[in-house]
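Hi there,

Here is the structure I promised to pass on to you. Have a look at it first, and then read on for what I found.

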Amino acid sequence: MTAIRRARPADSDTVLTLVREFNAIDGHDHDDARVGRALAPLLADDEFGQVWFINGPDDEPTGYAVLCWGYSLESGGREAVLDEIYVRDRGLGLGSAALPALLDACRAAGVLRVFLETEAPNDAARRFYARHGFQLEQSIWMTQQL
């Protein structure tokens, strides 16, 4: 089974390296300063969420996951967004092994519902999440940059 462990403030550089890799692979803009500012409170405590390392066979971080807390009347209280999950060595089953432990971490934090977002053309990601019990929603997310 793949081990996960909470990332702490001292792990900031390692997490930032993994986020940079993820953004490069997925074609997202990356700015170390912006990501670092957003990452710091998640590493400091549980107020906004948690960052987890996904360890590889050598027990060293080969990926990460970010859980961010929300609250909703529709969900009945605390909910989470699986904001990011990245595994460097894809295809080894590390993500599949880590996902149940991440959901356990959500339950332990009082989360009642977990959401995630995939890019529209990323059918492989939706198939992965469906295999792990996630269902498509009829909701359409909209955003506005502030």
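What covers the buried residues of α3? The cover includes the strands β1 (4-6), β2, β3 (61-72), β4 and β5, together with the helix α4. Before going further, please keep in mind that this is a predicted model. The mean pLDDT of the chain is 93, and 99% of its residues reach 70 or more. Among the elements of the chain, strand β2 (residues 49-55) has the highest mean pLDDT, 97, while α4 has the lowest, 93.

Back to α3. Its buried residues are L94, G95, A98, L99, A101, L102, L103, A105 and C106. You can also check the length of this helix: at 1.5 Å a residue, the 15 residues of α3 should span 21 Å, and the end C-alpha atoms are indeed 21 Å apart, so the two agree. Just after α3 comes G110, with a positive phi of about 85°.

Now turn to α4, which covers residues 123-131 and has A125, F128 and Y129 buried. Viewed down the axis of α4, these buried residues fall within an arc of 90°, so they line one face of the helix. A general rule helps here: an α-helix has 3.6 residues a turn, so residues three or four places apart point the same way. The buried residues of α4 are covered by parts of the chain that include β4 (77-87), α3 (94-108) and β5 (113-116). After α4 you will find G133, and its phi is positive too, near 95°.

Enjoy exploring it!

Best wishes

Methods:
Residues are numbered from 1 along each chain as its sequence is written. This is a predicted model: local features need pLDDT of at least 70, side-chain atom pairs count only at pLDDT 80 or more; totals for chains, interfaces and linings use all residues. Side-chain values use heavy atoms; hydrogens and water are left out. Buried means under 20% relative accessible area, exposed over 50%, partly exposed in between (1.4 Å probe, protein chains only). Helices (H or I, at least four residues) and strands (E, at least two) are DSSP runs, numbered from the N terminus. The arc is that of the directions from the helix axis to the C-beta atoms. Contact means heavy atoms within 4.5 Å. pLDDT is the predictor's confidence in each residue, from 0 to 100. The expected span of a helix is 1.5 Å times one less than its number of residues.
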